[in-house]
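Me: I would like to go through this structure by asking, for each label, what justifies it. Please set the value against the cut-off each time and then conclude.

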Amino acid sequence: MALDQAQVRSVVALLQASETTDNAMHRHVMATVTQYQQDPQFARYLCYVFSRLATAEVGLAVRHKAGLLLKNTARVGWAQLPPAIQQQIKAELVQQSLVGESARAAQHGGIDHHNDRLARLARGVARASPRAGAVHRAG
C-alpha cells in the first residue's frame with residue numbers, strides 16, 4: 001500500500017514544528033502526535049520519513065525525531081500494530097540498517113556524516129520490543 005504524499009508532508013511539518021521553543025505550539029504538536037499515534041498507519045509514515053527521505057530534503061533533526069518516535073511506538077505499542085505493518089516496518093528498517101544511507105548520499109553527490117548514527121538508530125528501532133509499563137518521550 002502506497003503512502004499518501006500529502007500525509008507524509010503533514011508528518012514532516014509536524015516533526016519540524018516540534019522544534020519550536022513556544023510552549024503552546026509544543027503542547028499542540030504533542031497532542032497531535034498523541035492523536036496520530038492512535039492510527040497504526042502513523043508508524044508507517046514515521047518509518048518512511050526516517051528511512052526513505054533524504055536528510056537534505058527534511059533535515060537530520062526531523063529524521064531523528066521520526067526514528068525516535070518510531071522506536072518509542074515500537075517499545076510501547078508494537079503488539080497493537082497489525083502484523084502486516086510490523087513486517088513492513090521490520091523489512092524497511094533491516095534494509096536501512098544493512099544499506100545505510102551511504103548509497104543515497106552518493107546518488108546526491110554528497111557525503112552524509114550522520115550515516116552511522118542513522119544506521120544505529122535504525123537497528124535500535126528494529127530491535128525495540130514492547131516493555132510493559134515503559135513510557136519513552138521522543139525529542
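Me: In this predicted model, which helix holds Thr 55, and why is Thr 55 called buried or exposed?

Reply: Thr 55 lies in helix α4. Its relative accessible area is 18%, and since a residue counts as buried under 20%, Thr 55 is called buried.

Me: What makes the pair Thr 55 and Arg 63 a polar contact?

Reply: The side chains of Thr 55 and Arg 63 are joined at 2.7 Å, and the limit for a pair of N or O atoms is 3.5 Å, so the pair is listed as a polar contact.

Me: Where does Arg 44 lie, and why is no salt bridge assigned to Arg 44?

Reply: Arg 44 is in helix α3 and is buried. The nearest side chain of opposite charge belongs to Asp 39, 8.5 Å away, whereas a salt bridge requires a nitrogen and a carboxyl oxygen within 4 Å; Arg 44 therefore has no salt bridge.

Me: Which side chains make polar contacts with the side chain of Arg 44?

Reply: One is the side chain of Gln 41, at 2.7 Å, and another is the side chain of Gln 88, at 2.8 Å.

Me: How many salt bridges does the rule give, and what makes Glu 92 and Arg 52 qualify?

Reply: The count comes to 1 salt bridge. The closest N and O atoms of Glu 92 and Arg 52 are 2.7 Å apart, and because the cut-off is 4 Å, the pair is accepted as a salt bridge. This pair links distant parts of the chain, with Glu 92 in helix α6 (residues 83–99) and Arg 52 in the loop between α3 and α4, 40 residues apart.

Me: Why are Glu 92 and Arg 52 placed in the accessibility classes they have?

Reply: Glu 92 has 14% relative accessibility and so counts as buried, the limit being under 20%. Arg 52, at 42%, falls between that limit and the one for exposed residues, over 50%, and therefore counts as partly exposed.

Me: Which helix contains Arg 9, and why is Arg 9 called buried or exposed?

Reply: Arg 9 belongs to helix α1. Its relative accessible area is 57%, and because exposed means over 50%, Arg 9 is exposed. The C-alpha atoms of Arg 9 and Val 49 are separated by 9.2 Å, although these residues are 40 residues apart along the chain.

Me: What about Val 11 in the helix α1: why is it called buried or exposed, and which residues does Val 11 touch?

Reply: Val 11 has a relative accessible area of 1%, so it is buried, given the limit of under 20%. Leaving out residues up to four places away in sequence, Val 11 touches Phe 42, Tyr 45, Leu 46 and Val 49.

Me: How do you know that the length of α1 agrees with what a helix should span, and where do its buried residues fall around the axis?

Reply: At 1.5 Å a residue, the 13 residues of α1 should span 18 Å, and the end C-alpha atoms are 18 Å apart, which agrees. The buried residues of α1 are Val 8, Val 11, Val 12, Leu 14 and Leu 15. Seen down the axis, they fall within an arc of 160 degrees, so they line one face of the helix. These buried residues pack against α2, α3, α4 and α5.

Me: How does the span of α2 compare with the expected value, and on what grounds are its buried residues assigned to a side?

Reply: Helix α2 (residues 23–36) has 14 residues, which at 1.5 Å a residue should span 20 Å, and its end C-alpha atoms are 20 Å apart, in agreement. Val 29, Thr 32 and Val 33 are buried in α2. They cover an arc of only 100 degrees around the axis, which puts them on the same side of α2. What covers the buried residues of α2 includes α1, α3 and α5, while the face turned away from the buried side carries the exposed residues Asn 23, Arg 27 and Gln 35.

Me: What is found at the start of α1 and at the start of α2?

Reply: At the start of α1, a side-chain oxygen of Asp 4 comes to within 3.0 Å of the backbone nitrogen of Ala 6. At the start of α2, a side-chain oxygen of Asp 22 comes to within 3.1 Å of the backbone nitrogen of Ala 24.

Key. Residues numbered from 1 in each chain as written. Predicted model: local features only at pLDDT ≥ 70, side-chain atom pairs only at ≥ 80, totals over all residues. Heavy atoms only, no water. Helix = DSSP H or I, 4+ residues; strand = E, 2+ residues; numbered from the N terminus. Expected span 1.5 Å × (residues − 1). Buried < 20%, exposed > 50% of the residue type's maximum accessible area, 1.4 Å probe, protein only. Arc of directions from axis to C-beta. Contact = heavy atoms within 4.5 Å. Polar contact = N/O pair within 3.5 Å; in protein donor to acceptor, adjacent residues only side chain to side chain. Lys, Arg positive; Asp, Glu negative; His and termini not counted.
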